[in-house]
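Welcome to this short tour. Please open the structure in your viewer and keep the selection tool at hand.

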Amino acid sequence: MASAELQGKYQKLAQEYSKLRAQNQVLKKGVVDEQANSAALKEQLKMKDQSLRKLQQEMDSLTFRNLQLAKRVELLQDELALSEPRGKKNKKSGESSSQLSQEQKSVFDEDLQKKIEENERLHIQFFEADEQHKHVEAELRSRLATLETEAAQHQAVVDGLTWKYMETIEKLQNDKAKLEVKSQTLEKEAKECRLRTEECQLQLKNLHEDLSGRLEESLSIINEKVPFNDTKYSQYNALNVPLHNRRHQLKMRDIAGQALAFVQDLVMALLNFHTYTEQRIQIFPVDSAIDTISPLNQKFSQYLHENASYVRPLEEGMLHLFESITEDTVTVLETTVKLKTFSEHLTSYICFLRKILPYQLKSLEEECESSLCTSALRARNLELSQDMKKMTAVFEKLQTYIALLALPSTEPDGLLRTNYSSVLTNVGAALHGFHDVMKDISKHYSQKATIEHELPTATQKLVTTNDCILSSVVALTNGAGKIASFFSNNLDYFIASLSYGPKAASGFISPLSAECMLQYKKKAATYMKSLRKVQQSLEKISKLEQEKEHWMLEAQLAKIKLEKENQRIADKLKSTSSGQSVGLAQENAAVSNAAGQDEATAKAVSEPIQSTSLVPDVESREDLIKNHYMARIVELTSQLQLADSKSVHFYAECRALSKRLALAEKSKEALTEEMKLASQNISRLQDELTTTKRSYEDQLSMMSDHLCSMNETLSKQREEIDTLKMSSKGNSKKNKSR
């Protein structure tokens, strides 16, 4: 795969190189053409320079000729000036000479006029040629500069492309070398991969065969041992106890504790707000100590006095919800039954808000109608009226979503699991809306209090009450902001924790199954504790067995040491005097008695051991006995462990059999009930059959009676017909005889 990618990359680079090479050829051709054009223009410039020099030379010669002619004209004018006085002296002689000079002068004038015209014409031609030459030269020079600039640019582009092509060629060569090395490496890796693939295929084949055998064995065991698969159906799977997630439970309890603290702050702020509002009604716009307040405010004050009975249950409901979330439970929406209680308390409080809202609006209108109310104060009161409506609407919206979240623990079909996340998101939005409304109330009430404090009739009692209401509104605003931020920060965790439930299932089916699951969880925890106690007892028994073997070995070693001491004392007795032998004999007797008691004790706890006085090497005997008992201890420990494992296995089998027996008894009871129902159905059907049979018999009897009556009528009709026939025959005979 990597070699194919490298080959494709190399082909792309080769294509780019061929494209750049073709572009280079085009650019080279363009540069050559421009160089040829530049050379032709240089030749034209040279020719123009030569023609310009020729014209310049002609101009110089004409200028010199003009100078000569001018000198000659001056000479002629001088001669004319000299000839004029002479003509005065000799008019006659002068007439001829004057005529001659006049003719010469006319010739000279004509010649001069021609020379002047020719000179003027040459000047014009020279000027035109000079201007044309300058214009052409300027054009050629500008074109030459442009061509030189373009040639330099083309040359720079050519140099850059050449350098780029050389660099690209070098890079491609390096890449080619690397790719060749890499291709060789990849070929080696491909060979190794083929070998590994063959090995993996063999292993896969072996594993497939092994797993197929295990699958068949497992299926046979499941078919023989397992009465039914409780994970196949969601109703049964919902009763299975999920894996205990202690971290999840601690996290949920911590979150519930934080929510409880926030709700307690909100409850305290709401209590203060309603209480101080009641106090304000008693002193403004009419002080109850001086005059009687309006019946509307009296009723409003009476309702506000009952606020604690609606607000306090919110804290209690949240406290019960917090206490229901423990480390041993499974906290999901299907198991939070106490959320329903909190939702009911919130509904009760919203009913209280709906009840006091009209009175609150009318009370603000009454303040606006008072003579003390200014236009600014009236505007603030109108804003507060709108804010109170928004506050009640936000609480209703919040209660709707909390009631939806409480449905899974009471009515499983009330809310689908796919809508859990959207409902939680809407709860967060409602909390943020509550915070915004409280900010507006705090702002408008602060402005209202400032205006009221500036009134000339404002008392100290009113100022103090307004300050208390402001502090409670600020506390409500801060509490709403904290709980909104808290819920938004934990919203992702709430949505992610909704999938916490039974393994391989979408969740709990109903609150009843969740409750049964919690009961099974408690039973499972009790069973695990009993198993732990059994395990601890088995470990304690194993330790006691080891200690028993250890002390038995110690007793054997002490007995051997006693025998050695007895042997040493006996040897001493042989070498001592007869006087000392008596005392030693007494001591030996006492020691023998003690040894006899120890030996009896050892026999009581262990097998009898023969005397070791015949064994010359006592230490080897001690090692032999020690090794024997250590091996015996290890053997007994392994046997005990094997027995423990067998007992656990047998206990599990017995438990499974007891479960199967219980299930069989349940199925037996169910079958018995079904048999009872079937027998009842049979008896009912028999009764129906008998009644139907009787009705059929009655109908048959009625039909038979009806048939009999019909037969009788038919027989009567036949008789009548026969009589009519007979009478008709008699009449016919009579008619014939007549």
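Start with the whole protein: from the N terminus on, its elements run α-α-α-α-α-α-α-α-α-α-α-α-α-α. That comes to 14 helices and zero strands, where helices (H or I, at least four residues) and strands (E, at least two) are DSSP runs numbered from the N terminus.

Before zooming in, know that this is a predicted model, in which local features need pLDDT of at least 70, side-chain atom pairs count only at pLDDT 80 or more, and totals for chains, interfaces and linings use all residues. Residues are numbered from 1 along each chain as its sequence is written, and side-chain values use heavy atoms, leaving out hydrogens and water.

Next, select residues 246–283, which form helix α4, and then residues 308–324, helix α6. These two pack at an angle of about 175°, with their axes 9 Å apart; axes are lines fitted to C-alpha atoms over the stretch in contact, and angles run from 0 to 180 degrees between N-to-C directions. So α4 is roughly antiparallel to α6 (an angle over 145 degrees). Show the side chains where they touch (contact means heavy atoms within 4.5 Å): among them are L260, V263 and V267 of α4 and V311, L314 and M318 of α6.

Now click on E278, also in α4. Is E278 buried or exposed? E278 is buried, meaning under 20% relative accessible area with a 1.4 Å probe, protein chains only. Leaving aside its neighbours within four places in sequence, E278 is in contact with S301, L304 and H305.

Finally, zoom out: of the protein's 738 residues, 26% count as buried.

Conventions: Buried means under 20% relative accessible area, exposed over 50%, partly exposed in between (1.4 Å probe, protein chains only). Lys and Arg count as positive and Asp and Glu as negative; His and the chain ends are not counted. A salt bridge is a side-chain nitrogen of Lys or Arg within 4 Å of a carboxyl oxygen of Asp or Glu. Angles under 35 degrees count as roughly parallel, over 145 as roughly antiparallel, 65 to 115 as roughly perpendicular and the rest as oblique.
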